Amino acid sequence: MPIGAFISLIKKSVDDLKKNLIVLVPDALQLVLFVVCGYIILKATGILNLLFELKKIDDPFQVRQLVSANLSSFGVATIIAVVVFFFISCFCTGMLFSMVKQVIVKKKSSLQEGLKGGAAFFWRIAAVKLVMALYVALVTFCGLILLVLLSFVGKIIGAILGGLLIIVVYFFIIVAFFYRYPALFRHEKTGMQAMKDAFTFFKKDKKFVIVTAAIIYLMFTGVNILTQLLQSAFGQVVGVTVSVVLGIMISTWSALFLYHAYLESGKKSSKG
């Protein structure tokens, strides 16, 4: 696909976002729920008070003692947070892509459609996220074993080679299944079938997938650089505020862009 086609997809996605600002709600809602639930979990498990106490202590030994004495609380808080955030993420992802599909197919969407989609696709998205997490966990586990084996060759060389290999495999997993959500929502299949379709899509047009992934990565990188500059110039409050607002906008835009790209590639394949 020529560069002009990618630029057209970017513009089309931006126009869709400007005309349908309601589609920003899922990502904004997810952020709010993460903050609120995170605060409740920290408060309920006593971790919040513990963190305030740790700030007052200057002695590293006392800090280690206090942390060691409350390891169980940290563990409980972490487990609860992972489960709660996972459920929130599954629902809000379903909301987002349901609304994105409505915007692209019907030129408009509604919060009601998003809520229905979040509920309808919840378990399928959960399956997709769990499979991705399993892949990442397997890569991490195998990578650690590899690092240990390569350390016999030489600690520095082993760490470099092992680290590079892990990064390459992580990159492959992310890119190979990059279109898992467009595949899931366009065809409305099971989570596992969506993963298979996304991988098949990658095998058919690796260059297309890598380019679209690079575009989205560059967008997020640009926002990060901009917010760092603003934070340096105007302070942390301005930097964080701009980071949150732009982060939500780019995240939502990327979903629109991905769905447009998936449909466009399908049209190209059918013509071919």
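**Notebook: a predicted all-helix model**

I began with Lys107, which counts as exposed because its relative accessibility is 59%. The model in which I looked this up is a predicted one. I placed Lys107 in the loop between α5 and α6 (111–120). I then noted its backbone: phi is positive, about 70°, although Lys107 is not a glycine.

**Entry: other positive phi values**

I looked up Glu188 next and found a phi near 55°, again a positive value in a residue other than glycine. Glu188 sits in the loop between α9 and α10. I recorded Glu188 as partly exposed, since its relative accessibility is 46%. I also noted Gly46, just after α2, with a positive phi of about 85°.

**Entry: overall composition**

I counted the secondary structure of the protein as 12 helices and zero strands. I took the extent of the C-alpha trace along its principal axes, which is about 65 × 50 × 40 Å. Of the 272 residues in the protein, 37% are buried. I also checked how far apart in sequence the contacting residues lie: among contacts between residues at least 6 apart, 74% join residues at least 24 apart.

**Entry: helix α2**

I turned to α2, which covers residues 25–44 and has 20 residues. From its first C-alpha to its last, α2 reaches 28 Å, close to the 28 Å expected at 1.5 Å a residue. Which residues of α2 are buried? I listed Pro26, Asp27, Gln30, Cys37, Gly38 and Ile41. These residues lie on the same side of α2, because they cover an arc of only 110° around the axis. I set beside this the general point that an α-helix has 3.6 residues a turn, so residues three or four places apart point the same way.

I examined Gln30 separately, as a residue of helix α2. Gln30 counts as buried because its relative accessibility, 18%, is under the 20% cut-off. Leaving aside neighbours within four places in sequence, I found Gln30 in contact with Ile88, Ser89 and Cys92.

**Entry: α2 against α3**

I looked at how α2 meets helix α3 (residues 47–56): the axes come within 5 Å and cross at roughly 80°. The two helices are therefore roughly perpendicular. On the α2 side I noted Tyr39, Leu42 and Lys43, which meet Ile47, Leu48 and Asn49 in α3.

Within α3, the buried residues are Ile47, Leu48, Leu50 and Leu54. Seen down the axis of α3, they fall within an arc of 160°, so they line one face of the helix. On the other side of α3, I found Lys55 and Lys56 exposed. I then asked what covers the buried residues of α3. The cover includes α2, α4 (60–69) and α5.

**Entry: α7 against α10**

I recorded an angle of about 60° between α7 and α10, with their axes 8 Å apart. The pair is therefore oblique. From α7, the contact is made by Arg124, Ala127, Val128, Val131, Met132 and Tyr135. From α10, Gly191, Met192 and Met195 take part.

**Entry: nonpolar cores**

Which members of the largest nonpolar core touch the most other members? Of its 53 residues, I found these to be Val100 and Tyr179. I listed the helices that each supply at least two residues of this core: α1 (3–19), α5 (71–106), α7 (122–150), α8 (155–176), α9 (180–187), α10 (191–204), α11 (206–234) and α12 (236–271). The helix that gives the most to this core is α12, with 11 residues.

I followed Tyr179 outward, not counting residues up to four places away in sequence. Tyr179 touches Ala198, Phe201, Phe208, Val209, Thr212, Leu258, Ala261 and Tyr262. Apart from the largest core I found another, of seven residues, among them Leu54, Leu66, Ala77 and Ala81. Leu54 had already appeared in my notes as one of the buried residues of α3.

Conventions: Residues numbered from 1 in each chain as written. Predicted model: local features only at pLDDT ≥ 70, side-chain atom pairs only at ≥ 80, totals over all residues. Heavy atoms only, no water. Helix = DSSP H or I, 4+ residues; strand = E, 2+ residues; numbered from the N terminus. Expected span 1.5 Å × (residues − 1). Buried < 20%, exposed > 50% of the residue type's maximum accessible area, 1.4 Å probe, protein only. Arc of directions from axis to C-beta. Core = buried A, V, L, I, M, F, W, Y, C linked by side-chain atoms within 4.5 Å. Contact = heavy atoms within 4.5 Å. Axes fitted to C-alpha atoms, helices over the stretch in contact; angles between N-to-C directions. Parallel < 35°, antiparallel > 145°, perpendicular 65-115°, else oblique.
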